[in-house]
Amino acid sequence: MRSYLLAPLMLLLLLTGCQTTEQPVEPSDAPQAPIIFNHFKPTHTPQPLADSEQKKQTIKLKAPSQQATKESQASNRSQDLWQHIADKLTIKVYLNKALNKRISWYTKQPNYLQIVNERAAPYLYHIVSKIEQRKLPMELALLPFVESDFRPTISSSEQAVGVWQLVGATAHHFGIKSDQWYDGRKDVLASTDAALAYLEYLYKQFDGNWLHALAAYNSGEGRVKRAIAENKKRGKSTDYWTLKLPKETSEYVPKLLALSYLVKHPNRGLTRPKLANKALTTELNIGQQFDFSVIANLSGIGRNQLHKLNPGYLKNQSSPNGPHTLLLPLQQQSLLSSQFFKSNFAGEYTVKKDDTLYSIARRFGLSVEKLKAINNKHSNLIGIGETLMIGQPRTMPDSLTIDYRISPYLEQNEMAIPTIAIHYQVKPGDTIWGISQLYDVPHSDLAQWNQLNASSILTPGTQLVLHLPQATKTAPQIHNEGLLSELEKTLKQPH
């Protein structure tokens, strides 16, 4: 009897002995979801702030939850993002005539994906992460390739815009802002949120049928529902492949599935790119209206590069009413350890389970000694829920914008400087902006002097008038750099 009871006990002990304890992984070593700085607030005054005000002037870092971190660690992600995408493709693909036609189209241009990947690289990791957070099929990460060849500024004949080809009404319904300053459909990450929300909605509308949902994304919910109703009326199958749909839509879903099949099976003739499975860019909410020239000057990142990464902004300034978020060509840790961040932003971090001063300091590019000094700590003890400052802000300019309407030739006491009129003959390729930079005058002034708009196209041979400062005994004072604010001078620096 004792031996009968002892056997299961020994088996239990043996099984227990075989278990291993998972070692904690430093957060910085784990694959990181993109951390979006939604509450960046640059400081504007050197005066000490009350505690309540100081909290308003700091950022919150949205670190991944413990559950998300564990799931990420358990997923054993590939070091290559395209391999990770291939591993996560789940929609079953059954080859048929329509699919074979699209596969043949792709394989005739085997470098297609490599070429388009260059445009997608700054954004693709973030898109994949958003899809995984929503638990959607990974095939949706390929949709911007099918829709637009990943061209953020492209517009269709139906006025669909951006990599996800959203029309205005749909974009507005799903939270996209568009005005004279900003078009969120051209903002790759903002439009991704709207497109994925729309696809989730369609998936529910079509009772969990992704092929129907994708067809509706292309041609409209009503058209696909009418096609389904017509098949039901005739006693036919409502399978996607049997529906009577417009030619574009009937080719749209096969195009996505064919691309998915070739990504999954690169030996079939489409070269699969290589891309590091990590965020190459980081979102930063400046917290107020900004000018691209000023941010470029403060950060050392070229203005042209900032515009290219952030095509949603239609002007050189963000809208007074927002958004004020920029995608920067820096990894998270590089941004946090940059002089731009350390000099101009303050942040706070809430301690979580398994955090140590060392792991927090490493995550934000600080030494343990620096982190302790910022928080006036004399020991290494920290508690769960404790708030730690992770930066010491300095004073930023009162404004991050430049008023292009103000002429630099006005005295600080608002007394006008004597000017002399000169004439300029327009040459081929000349623009109002280019001529204004040549003569160092505001382009809005040049347009006003000649009854033009700032965006007017100039005709070669046209005579323009410019009012330049007249040479006087006070000329050295007139050209003194002190007359220009530091922000105005950034306009004259090449980027």
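**Figure 1. V441, a buried residue in a loop.** V441 is buried, with a relative accessible area of 4%. This is a predicted model, as are all the views that follow. V441 sits in the loop that joins helix 19 (432-439) to helix 20 (443-449). To find your way around this view, look for L466 as well: V441 and L466 are 25 residues apart in sequence, and their C-alpha atoms are 8.6 Å apart in space.

**Figure 2. The protein chain as a whole.** Before the next close-ups, here is some orientation. The protein chain has 22 helices and seven strands. Of its 495 residues, 44% are buried. If you take the contacts between residues at least 6 apart in sequence, 69% of them join residues at least 24 apart.

**Figure 3. H212 and its surroundings in helix 10.** H212 belongs to helix 10, which covers residues 210-219. Is H212 buried or exposed? H212 counts as buried because its relative accessible area is 6%, under the 20% cut-off. Setting aside residues up to four places away in sequence, H212 touches F206, V224, I228, T238, D239, Y240 and L243.

**Figure 4. Helix 10 packed against helix 11.** Two packed helices are described by the angle between their axes and by the distance between those axes. Here, the axes of helix 10 and helix 11 (residues 221-233) come within 7 Å and cross at roughly 130°. That angle makes helix 10 oblique to helix 11. On the helix 10 side, the contact is made by H212, A215, A216 and S219, and on the helix 11 side by E221, R223, V224 and I228. Sorted by class, the contact between these helices has four nonpolar, two polar and two charged residues. V224 and I228 of helix 11 are also on the list of residues that H212 touches.

**Figure 5. The largest nonpolar core.** In soluble globular proteins, nonpolar side chains tend to be buried together. The largest nonpolar core of this model has 69 residues, and the members that touch the most others are W82, F145, F150, W164, L199, Y217 and L259. Which helices each supply at least two residues of this core? They are helix 4 (81-88), helix 5 (97-107), helix 6 (112-133), helix 7 (143-148), helix 9 (188-205), helix 10, helix 11 and helix 12 (247-264). Helix 6 gives the largest share, eleven residues. A second, separate core holds 31 residues, including L284, L326, F345 and V351.

**Figure 6. D149 and F150, two loop residues with positive phi.** D149 is in the loop between helix 7 and helix 8 (168-173), and F150 is found in the loop between helix 7 and helix 8 too. D149 has a positive phi of about 55° although it is not a glycine. F150 likewise has a positive phi of about 55° without being a glycine. What is the relative accessible area of F150? The value is 0%, so F150 is buried, whereas D149, at 22% relative accessibility, counts as partly exposed. Leaving out residues up to four places away in sequence, F150 touches V116, R119, A120, Y123, I127, P144, F145, V163 and V188.

**Figure 7. Strand 2 and its partner, strand 3.** Strand 2 (residues 282-285) pairs with strand 3 (residues 325-328) in the antiparallel sense, over four bridges. To pick out one of the pairings, start at E283, whose bridge partner in strand 3 is L327. In a regular strand the side chains alternate between the two faces of the sheet. Both faces of strand 2 are covered: T282 and L284 on one side, and E283 and N285 on the other, are all buried. L284 also appears in the second nonpolar core, together with L326.

**Figure 8. A cis peptide bond ahead of strand 3.** The peptide bond from G322 to P323 is cis, with omega near 5°. P323 lies in the loop between helix 14 (303-309) and strand 3.

**Figure 9. S260, a buried serine in helix 12.** S260 is found in helix 12. At 3% relative accessibility, S260 counts as buried. Apart from its neighbours within four places in sequence, S260 is in contact with L89, E139 and L142.

Key: Residues numbered from 1 in each chain as written. Predicted model: local features only at pLDDT ≥ 70, side-chain atom pairs only at ≥ 80, totals over all residues. Heavy atoms only, no water. Buried < 20%, exposed > 50% of the residue type's maximum accessible area, 1.4 Å probe, protein only. Contact = heavy atoms within 4.5 Å. Axes fitted to C-alpha atoms, helices over the stretch in contact; angles between N-to-C directions. Parallel < 35°, antiparallel > 145°, perpendicular 65-115°, else oblique. Nonpolar A, V, L, I, M, F, W, Y, C, P; charged D, E, K, R; others polar. Pairing = 2+ DSSP bridges. Core = buried A, V, L, I, M, F, W, Y, C linked by side-chain atoms within 4.5 Å.
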